[in-house]
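Okay, thanks everyone, I'll keep this short. Let me put the structure up, and then we'll walk through it together.

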Amino acid sequence: WYQRRVATNFSRKQLISLGTMFGKFSKTGKFKLHITALDFLSSYAKAKVWVKPGAEQQFLYGNNITKAGLGRISAGTDKYDGVVVYNMSDLPLGFGVAAKSTLECKNTEPNTIVVFHQGDVGEYVRAESTMS
């Protein structure tokens, strides 16, 4: 409430931005999440995935997560659910889309992709100049 009240004291030309940027709308009207929304998403996420230390670096380089790199997955995760990716120390690393459900992950081969990469904290370094 206080932030909104302070913002009303500025004209629209003087106000640049307020708060955390969650993403941007593309030219086609689709909303694309930015990694800046990770802190908010991680506290409210229902579907979570934990990666092993060996797969952590690969995820941070923008690669998908395979069954071999999967540490844990929250129960009840359905196929194509949005997931928040954590390391084994519960530090949020990014977000993605589940390629397999929790049940499918148990019976799949080690080289099968289980999470599609969408965004990670490594984007701060890779796209620092374009994030605005």
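So, start with Leu 33, which sits in strand β2. Keep in mind that this is a predicted model. Is Leu 33 buried or exposed? Well, in between: its relative accessible area is 41%, and because partly exposed covers anything from 20% to 50%, that's the label Leu 33 gets.

Now, what's around it? Leu 33 belongs to a nonpolar patch on the surface, together with Phe 22, Phe 25, Phe 31, Phe 40 and Tyr 44. Taken together, those residues have about 680 Å² of accessible area. On the element side, β2 gives the patch at least two residues, and so does α2.

Leu 33 also turns up in the largest pocket. Which residues lie nearest the centre of that pocket? That would be Leu 33, Leu 41, Gly 82, Phe 95 and Gly 96, out of 14 lining residues. Two or more lining residues come from each of β2 (31–33), α2 (38–44), β6 (82–87) and β7 (92–98). As for character, the lining splits into 9 nonpolar, 3 polar and 2 charged residues. The space in there comes to about 190 Å³.

Let me zoom out to the whole chain. We've got 5 helices and 8 strands, and going along the sequence the order reads α-β-β-α-β-α-β-β-β-β-α-β-α. The chain has 132 residues, and 33% of them count as buried.

So if you take one residue home, take Leu 33: part of the nonpolar patch, and among those nearest the centre of the largest pocket. That's it from me.

Definitions and conventions: Residues are numbered from 1 along each chain as its sequence is written. This is a predicted model: local features need pLDDT of at least 70, side-chain atom pairs count only at pLDDT 80 or more; totals for chains, interfaces and linings use all residues. Side-chain values use heavy atoms; hydrogens and water are left out. On a 1 Å grid over the protein atoms alone, a cavity is a set of points where a 1.4 Å probe fits but cannot get out, and a pocket is an open set with protein on both sides within 12 Å along at least five of seven lines; lining residues have an atom within 4 Å of a point. Grid points are joined across faces, edges and corners, and a volume is the space filled by probe spheres set on the points. Helices (H or I, at least four residues) and strands (E, at least two) are DSSP runs, numbered from the N terminus. Ala, Val, Leu, Ile, Met, Phe, Trp, Tyr, Cys and Pro count as nonpolar, Asp, Glu, Lys and Arg as charged, and the others, Gly among them, as polar. Patches are made of residues with over 30% relative accessible area and no salt bridge: like charges are joined within 9 Å, nonpolar side chains (Val, Leu, Ile, Met, Phe, Trp, Tyr) within 5 Å. Accessible areas come from the Shrake-Rupley method with a 1.4 Å probe; for residues, only the protein chains shown count as cover. A salt bridge is a side-chain nitrogen of Lys or Arg within 4 Å of a carboxyl oxygen of Asp or Glu. Buried means under 20% relative accessible area, exposed over 50%, partly exposed in between (1.4 Å probe, protein chains only).
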